[in-house]
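Trainee: Could you take me through one spot in this structure, up close? I'd like to see what surrounds it and then how the rest of the chain is put together.

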Amino acid sequence: LPTVILVGRPNVGKSALFNRLIRRREALVYNTPADHVTRDIREGIAKLGDLRFRVLDSAGLETAAASGSILSRTTEMTGSVLARTQLAIFLIDVRAGLQPLDLEVGKWLRKNAPGIRTILAMNKSESHDDGGGVLTAEAAEAHALGFGDPIAISAETGLGMAELYEALCPLLEDCMLQRLNDKRIEDDSALDMENEENKLPLQLAIVGRPNVGKSTLLNALLQEERVLVGPEAGLTRDSVRAQFKFDGRTIYLVDTAGWLQRCGQEKGPASLSVMQSRKNLMRAHVVALVLDAEEIARNRCSMKHAETIIARQAVEEGRGLVVIVNKMDLLNGRRNLMLYEKVINAVPKEIQTVIPQVTGIPVIFISALEGKGRMAVLHQIVNTYENWCLRLPTARLNRWLQKVMGRHSWKDQATQPRIKYFTQVKARPPTFVAFLSGKAQLSDSYIRFLTKSLVEDFNLGGIPIRVMQRQIP
Ligand code: GDP
């Protein structure tokens with residue numbers, strides 16, 4: 001929370017304002033040892049409309065101030081308290097008029113807290129408020145303090161709290177952004193370290209219905225007959241687990257035994273199998289879904305029910321998805337040319353229709369039996385994994401955001417959401433947050449637009465990236 005300190009000479013009403021801001025909330029009283037002088041500073045969580053901030057009441061300093069010159073005494077608190085303060089509310093007493101001590105407080109603020117933005121408030125304005133609330137002469141006098149136009153308030157009656165809210169809003173928002181920025185610079189320097197992550201072993205799951213050629217593909221990838229392959233469904237189902245190297249990277253095959261076997265039957269133990277597969281999915285980073293080209297050509301439908309379930313689960317669990325269409329050799333004859341083209345054109349479109357949550361899912365056409373497309377599969381799996389681990393620095397994302405916001409056409413400029421910041425909060429899979437100012441929310445369609453643009457501009461096809469939104473208080 002941003003911290004706001006109440007300052008002013010004794011008796012201007014700092015404590016009254018403090019009490020109003022924290023209402024009945026607990027105030028924390030603590031000691032600030034400074035140069036062997038111990039003073040009390042009250043601290044509480046202030047609530048003003050929808051604003052929340054930490055408020056410090058420097059009233060405890062009055063005793064010290066009274067015994068010496070306010071200047072000499074109050075400078076002693078600078079270090080510990082001002083270091084964690086972002087804003088000040090400088091109170092003066094409009095009934096008493098401007099006093100020499102007010103000028104001293106002003107001088108002190110300028111000298112010791114140049115980085116702290118200050119709101120000048122004329123307290124005890126209730127009796128001066130003639131309905132118009134103008135207080136012209138007093139305001140002009142207060143203006144001479146050099147802290148801009150004062151706002152007229154009454155900590156006793158609550159007058160002027162709306163104006164105080166208006167004045168605080170933009171300043172608090174700036175504080176929050178500054179903090180986010182500072183934090184993000186730290187985050188970005190942590191990126192390099194996290195990029196090391198993607199050198200860890202890649203966990204791959206090869207899934208698909210029986211007989212689509214998973215074992216054959218696996219053998220092609222391993223380049224040796226480590227897995228039994230046969231025409232009967234269910235022959236190779238027991239815990240396929242293997243490990244191999246590609247491009248200097250270790251790839252683990254996650255155990256996918258029985259994934260779609262029972263799930264494909266769609267009744268009885270099917271639901272159990274689906275649950276089991278979901279658990280297995282969590283262990284994979286990349287899910288390669290294998291389809292049978294000949295079957296697609298014959299059935300005029302790329303994805304069967306079970307395959308759709310698995311693909312959806314994979315993206316819901318945040319895994320990277322690659323679709324592999326196997327047995328393309330069976331469509332290779334001249335007689336099949338039309339079928340061949342049809343499959344190549346139809347599959348990517350159809351997959352996109354059944355899994356609209358993720359755009360640009362990569363589809364690779366292979367023949368596992370002939371060993372064709374093996375390298376394409378390996379490169380795509382590694383590429384998907386690297387994108388799944390991707391971390392984009394905030395500066396780059398915000399440059400991107402500026403461009404992309406111009407791309408979207410708005411019927412009404414007024415409805416255009418104000419995104420202050422866009423940042424990646426995590427990887428594996430990449431997750432982004434749009435920080436918004438004001439009350440307007442991003443519509444679902446705008447979130448989709450941002451997601452799609454991210455996928456297109458950073459080549460994140462098949463990665464279930466997430467875009468969330470947060471209001472800046
Ligand atoms: P799995 O149940 O998904 O593991 O499928 P298998 O790898 O056991 O393959 C099932 C059958 O399809 C076997 O007879 C394979 O020889 C055959 N097969 C696998 N890949 C291809 C391919 O690319 N082309 C052709 N024509 N047959 C294939």
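Mentor: Let's start at a glycine and work outwards from there. This is a predicted model, where local features need pLDDT of at least 70, side-chain atom pairs count only at pLDDT 80 or more, and totals for chains, interfaces and linings use all residues. Residues are numbered from 1 along each chain as its sequence is written.

Our spot is Gly318, in the loop between helix H11 (305-316) and strand E12 (320-326). Helices (H or I, at least four residues) and strands (E, at least two) are DSSP runs, numbered from the N terminus. Gly318 counts as partly exposed because it has 18 C-beta neighbours inside 10 Å; the buried label takes 20 or more other C-beta atoms within 10 Å, exposed takes 12 or fewer, and partly exposed is in between, with C-beta atoms placed from the backbone. Leaving out residues up to four places away in sequence, Gly318 touches Pro429 and Pro464, a contact being two C-beta atoms, placed from the backbone, within 7 Å. The C-alpha atom of Gly318 is also 9.0 Å from that of Arg466, 148 residues away along the chain.

Arg466 takes us to strand E16 (residues 466-471), which runs parallel to E15 and is joined to it by six bridges; strands pair if DSSP finds at least two bridges between them. Ala434 stands opposite Gln469 in E16. E15, helix H15 (residues 444-457) and E16 make a right-handed β-α-β unit: with the strands pointing away from the viewer, the path from the first strand over the helix to the second runs clockwise. On to the hairpin: E14 (residues 419-426) pairs with E15 (residues 431-436) in the antiparallel sense, over six bridges, and Tyr421 has Phe435 as its bridge partner in E15. Four residues separate E14 and E15, and Arg428 in that turn has a positive phi of about 55 degrees.

Now zoom out. The chain has 15 helices and 16 strands, and 35% of its 473 residues are buried. The largest nonpolar core (buried Ala, Val, Leu, Ile, Met, Phe, Trp, Tyr and Cys joined through C-beta atoms within 7 Å) has 61 residues, with Leu204, Ala288 and Leu289 making the most contacts inside it. Strand E11 (residues 286-292) gives this core its largest share, six residues. A second, separate core has 37 residues, among them Ile5 and Leu164.
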